[in-house]
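Reader: I'd love a close look at the enclosed spaces inside this protein and at what surrounds them. Could you walk me through that part in one go?

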Amino acid sequence: MPLLLRLLPALLVLLSVLCPVAPAHAREVVVGIYDMEPLSMRGADGRVQGIVVDVMDAVARDEGWTVRYVYDDWDRLMPMLEDGRIDVLAPIAFSETRTAYRYNRDYLVIDWGQIWVRRSTRVDMLFDLQDKLVGGVSMSIFPAGFEAFARRFGVQYRQRDYPDYSALLDALNRGEVDAAVIPRFIGTHHERRGTAEPASIVFSPFEMRYAAMRGRADDVMDALDRRLAAYKADKDSAYHRSLNRWIRVDAPVLPAWLPYALGAAAVLLLALVKESVAPSWTVAWSHPNWGTVNVVPVLGIGVVQYLHRK
């Protein structure tokens, strides 16, 4: 008996190795996503995919979580986040005015707004949208960004809201609206959809991140801060693999209208310099492959002023 007692600790250690105890129930993180290719979308098999999903799945694997995705319209997901039915919402544009939310520290990508029109509609300048009907996605930050941009130049237009970007683009193709406020990534992935095409009006660059309500899911947001910083530093990480899969950052594609916009910008800027009138503001941001990009409103057109490839 004494010998058995002495051997008991060793036997318990051996049993724990050979027959490990099942881990406690894994932390389930509920993430709300919506149709915003290539950040988040449904694949042909019905499964959710995109950069948001790839990064969250990688964090969940590293943290020992399980993830349940809730796929719905943007304007239905926002109330779900606020009342706790989902823990995290993504992708969401970072804004200091959204004080009720806690964003993760590092952005996933940088997106910006762009005006889309039907091919039969000529919109060369912001002033061409005066008194027109412009559609946007309700509760998205991009329509507000465009409204502020238009107000700066005294352009007034009518607005109509839609629940998601698919509905908005369908409405544009049907002629329900004269123009649509579309994020750059959405436009890129719908470029051959119907008769819609991008105009040369860009505005409001935003950092796309994950968000939770302040005081909730802090463990998730802390892990996102820690893991995403590490993923960005590692060129072989799930983050960089996802970017190369969905965006192909190694070979960025510039919009077809850019050379014309640059030409128009050169002429207009020369005229402005001659009259000693300078643009009142610029918006600058960094792109991982292009370097520093400045957008200058020249007579109401959002024009890429400087493009430097790293």
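Author: Let's begin with a term we will need: a residue is called buried when its relative accessible area is under 20%. Please keep in mind that this is a predicted model. Serine 95 makes a handy first case, because its relative accessibility is 9% and it therefore counts as buried. Serine 95 sits in the loop between strand 5 and strand 6 (101-103). Leaving out residues up to four places away in sequence, serine 95 touches Tyr103 and Ile141. Across the chain of 310 residues, 47% count as buried. The chain has nine helices and 14 strands.

Now to the spaces themselves. How many cavities of 30 Å³ or more are there? The count comes to two.

The largest cavity holds about 120 Å³ of space. Its lining is made of 15 residues, and those nearest the centre are Tyr34, Met36, Trp74, Ser140 and Tyr165. Which elements supply at least two residues each to this lining? They are strand 5 and helix 4 (141-152), and strand 5 gives the most, with three residues. By class, the lining of the largest cavity has 11 nonpolar residues, one polar residue and three charged ones.

The second largest cavity has about 50 Å³ of space. Its lining consists of Val134, Gly135, Gly136, Pro143, Phe146, Tyr157, Gln159, Arg160, Asp161 and Val181. Two or more of these residues come from each of strand 8 (133-137), helix 4 and strand 9 (158-162). Sorted by class, the lining of the second largest cavity has five nonpolar, three polar and two charged residues. Helix 4 thus turns up in the lining of the largest cavity and in that of the second largest cavity.

Phe146 deserves a closer look. Besides lining the second largest cavity, Phe146 is among the residues with the most contacts inside the largest nonpolar core, alongside Val55, Ile115 and Tyr210. That core has 84 residues, and strand 11 (residues 196-213) provides its largest share, 10 residues. Setting aside neighbours within four places in sequence, phenylalanine 146 is in contact with Ile115, Leu126, Leu129, Val134, Tyr157, Val181, Ile201, Phe203 and Ser204. Among these contacts, Val134, Tyr157 and Val181 also line the second largest cavity.

Strand 5, which we met at the largest cavity, leads us on to strand 1. Strand 1 and strand 5 (residues 88-93) run parallel and are joined by two bridges; valine 31 has valine 88 as its bridge partner in strand 5. Strand 1 also runs parallel to strand 4 (residues 66-71), with six bridges between the two. Here isoleucine 33 is partnered by tyrosine 71. Is strand 1 largely enclosed or largely open? Five of the six residues of strand 1 (residues 28-33) are buried, so the rest of the structure largely encloses it.

One more packed element is worth a visit. In helix 8 (residues 238-246), the buried residues are Ala238, Tyr239, His240, Ser242, Leu243 and Trp246. These pack against several elements, including helix 2 (51-63), strand 7 (109-118) and helix 7 (218-233).

Finally, a view of the whole chain: among contacts between residues at least 6 apart in sequence, 72% join residues at least 24 apart.

Terms used. Residues numbered from 1 in each chain as written. Predicted model: local features only at pLDDT ≥ 70, side-chain atom pairs only at ≥ 80, totals over all residues. Heavy atoms only, no water. Buried < 20%, exposed > 50% of the residue type's maximum accessible area, 1.4 Å probe, protein only. Helix = DSSP H or I, 4+ residues; strand = E, 2+ residues; numbered from the N terminus. Pairing = 2+ DSSP bridges. 1 Å grid on protein atoms, 1.4 Å probe; cavity = no way out; pocket = protein on both sides within 12 Å on 5 of 7 lines; lining within 4 Å. Points joined across faces, edges and corners; volume = space filled by probe spheres on them. Nonpolar A, V, L, I, M, F, W, Y, C, P; charged D, E, K, R; others polar. Core = buried A, V, L, I, M, F, W, Y, C linked by side-chain atoms within 4.5 Å. Contact = heavy atoms within 4.5 Å.
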